Amino acid sequence: MADNAIPLVVRDLHKSFNDNPVLEGLSLEAHEGDVISLIGASGSGKSTFLRCMNLLEIPNAGDIVVHGESVKFKTRRGEREPADWKQVERIRARLSMVFQGFNLWAHMTLIGNVIEAPVHVLGKSKKEAREHAMALLERVGLADRADYFPAQLSGGQQQRGAIARALAMDPEVMLFDEPTSALDPELVGDVLKVMRELADEGRTMVVVTHEMDFARDVSSQVIYLHQGRVEEAGKPEDVFGNPSSERLKQFLGPRF
Amino acid sequence: MEHWLAQVAPFLSHNTIFTPATLAAYWGGMVTTVQLVFISLVIGIVLAIPLAIGRASHRVWISGPIWFYTYVFRGTPLLIQLYIAYYGFAFIPGVQQSWFAFFINNALYPALLSFVLNTGAYTTEIFYGAIRATPRGELEAARAYGMSSFTAYRRIVLPSALRRALPAYGNEVIFMLHASAIASAVTITDMTGVAYNVYAEFYSPFPPFIFVACLYMALSFGIQGVFRLAEKRLLRHLKPA
């Protein structure tokens, strides 16, 4: 398949912090409708990998290609950096991210959060953005909370609101960075339910997660990272059902 | 009660506060004080917002000079700054013949200059602190959604920081109101200046000084009320439901 038909291609990504290598040659291809789960222990580099995809971290080497558009880099004073920040902003707007800590803008109401980027980044009209936003809040079950401020919502509500904010961008790929890790156990279910629905309707998603049930049941592909390298990757039934790596077996524990 | 009133009556009959002439003078002083403080604060805030943004810059050639400015003006007494502006500039040779003469011929201008630079320095630091306290994640979300630095500042960082700075800035306003009393040291008849004149005329310290103290208190009370209302409105997002 030609590159420009694939929503997100990442090739041979390297990243180190102060000479500590964190990512050592990671690649990934997210095709239309793929749900790719990144699993691994803390410090395995999965969050950094995800954050490189929308350039929140700048990889030291490797390519990021969104629907055929390759992120351009240059080297300045020995540091690699994007050659064109406008391009980075454009690409970021096509890959919405959902954060572990929600990161809703605290001084805006929930609906304000949802319409913010569509209006001020994509240049949509307020009216259009509001209508879309209300429909999305309805979807995630928060229509009656539209005028609440984030601090007035529970963690689960905030995260579902953050998902609505991500959806409002009509993203080509959604990046989830441990979306349920900061939630009380009884609130995790609501968020996972919304994510399952998104997967079912064919959203392209890359998900860093510790929710193994979600990774097994929902993903089309699972990548197990260990110390910045892919230790094992494949279809969930293979990765969970028949792991070949000893480390992965240990990581998964006796349940799988 | 009657006995008490009879005792107080002589004092009231030749008091120095409630004569029409002094009341008019107090009113004039209050107008001067309010104008001086208000104009200083408005210019100070206009100055402080860009300076605070610059102070938060990681480029040292931008943040360094701003740090130096706030350090100097917060590190020295306002009275000294006022004296330098009022007495100092007048000593520059040839200044009387230059276009700058208007500045030294009216004490209001040196007072305004020193007040503006002083409140500007404090306000810069207040806003800078608030900008630095922007939750990292909120800024990260702004970037992740494709906002440019400019848009992120305009839509996320500043609205959130200026709200957060509101209580501290309210203190600065009250502080400035009280500090403005030293304008009377350079011939300006603000509230304190009027009180001093009344005292000097009648040689009676308590009534005029206590009266203007009450006026300052009333103004402070009003300012606090305005800020309380503003905080209630603009900081409601920080309150749980």
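Which residue in β5(A) is the bridge partner of Val65(A)? Hold on to that one for a moment, everyone, and good morning. One caution before we look: this is a predicted model.

The answer is Ser70(A). That pair belongs to the contact between β4(A) and β5(A), two antiparallel strands joined by two bridges. Two residues sit between the strands of this hairpin, and His67(A) there takes a positive phi near 45°.

Let's widen the view to the whole sheet. Chain A has an open sheet of four strands, ordered β2-β1-β4-β5, with antiparallel pairing. At the edges stand β2 (20-30) and β5 (69-70); each has a single partner strand, so one side of each is left without a neighbour in the sheet.

Now follow β1(A), which covers residues 8-17. Eight bridges tie β1(A) to β2(A), running antiparallel. Toward β4(A), residues 61-66, the pairing is again antiparallel, and here there are five bridges. Val10(A) is a nice residue to click on: its bridge partner in β2(A) is Leu28(A), and in β4(A) it stands opposite Ile64(A). If you are tracing side chains along here, remember that in a regular strand they alternate between the two faces of the sheet.

Next, two charged residues of chain A. Arg51(A) is in helix α1, residues 46-53. Is Arg51(A) buried or exposed? It is buried, at a relative accessible area of 12%; the cut-off for buried is under 20%. Setting aside residues up to four places away in sequence, Arg51(A) touches Leu56(A), Glu57(A), Met97(A) and Asp177(A), and also Arg136(B) and Glu140(B) from the other chain. There is a long-range relation too: Arg51(A) and Phe176(A) are 125 residues apart in sequence, while their C-alpha atoms are 9.7 Å apart in space.

The second one is Glu178(A), placed in the loop between β9 (173-177) and α6 (185-200) of chain A. Glu178(A) is buried as well, with a relative accessible area of 11%. Beyond its neighbours within four places in sequence, Glu178(A) is in contact with Lys46(A), Ser47(A), Gln100(A), Val208(A) and His210(A).

Over to chain B. The UniProt record, an unreviewed entry, places "domain: ABC transmembrane type-1" at residues 30-227. That stretch is 79% helix and 0% strand, and its end C-alpha atoms are 20 Å apart.

I'll finish with the pockets. How many residues line the largest pocket? There are 28, and those nearest its centre are His58(B), Leu139(B), Arg143(B), Ser149(B) and Tyr153(B). Its volume is about 1,200 Å³. Both chains contribute: β7 (79-82) and α2 (85-94) of chain A, and α6 (108-132), α7 (136-144) and α8 (149-179) of chain B, each supply at least two lining residues. By type, the lining of the largest pocket has ten nonpolar, five polar and 13 charged residues.

The second largest pocket holds about 280 Å³ of space. Its lining has 13 residues, with Val37(B), Phe38(B), Leu41(B), Val173(B) and Ile223(B) nearest the centre. The elements giving two or more residues to that lining are α2 (20-55), α8 and α10 (206-234) of chain B. The largest share, six residues, comes from α2(B). And the make-up of the second largest pocket's lining is 13 nonpolar residues, no polar and no charged.

That's the tour; thanks for listening, and I'm happy to rotate the model for anyone.

Methods. Residues numbered from 1 in each chain as written. Chains lettered and ligands numbered in written order. Predicted model: local features only at pLDDT ≥ 70, side-chain atom pairs only at ≥ 80, totals over all residues. Heavy atoms only, no water. Buried < 20%, exposed > 50% of the residue type's maximum accessible area, 1.4 Å probe, protein only. Contact = heavy atoms within 4.5 Å. 1 Å grid on protein atoms, 1.4 Å probe; cavity = no way out; pocket = protein on both sides within 12 Å on 5 of 7 lines; lining within 4 Å. Points joined across faces, edges and corners; volume = space filled by probe spheres on them. Nonpolar A, V, L, I, M, F, W, Y, C, P; charged D, E, K, R; others polar. Pairing = 2+ DSSP bridges. UniProt positions renumbered as here; feature names shortened; annotations may be inferred.
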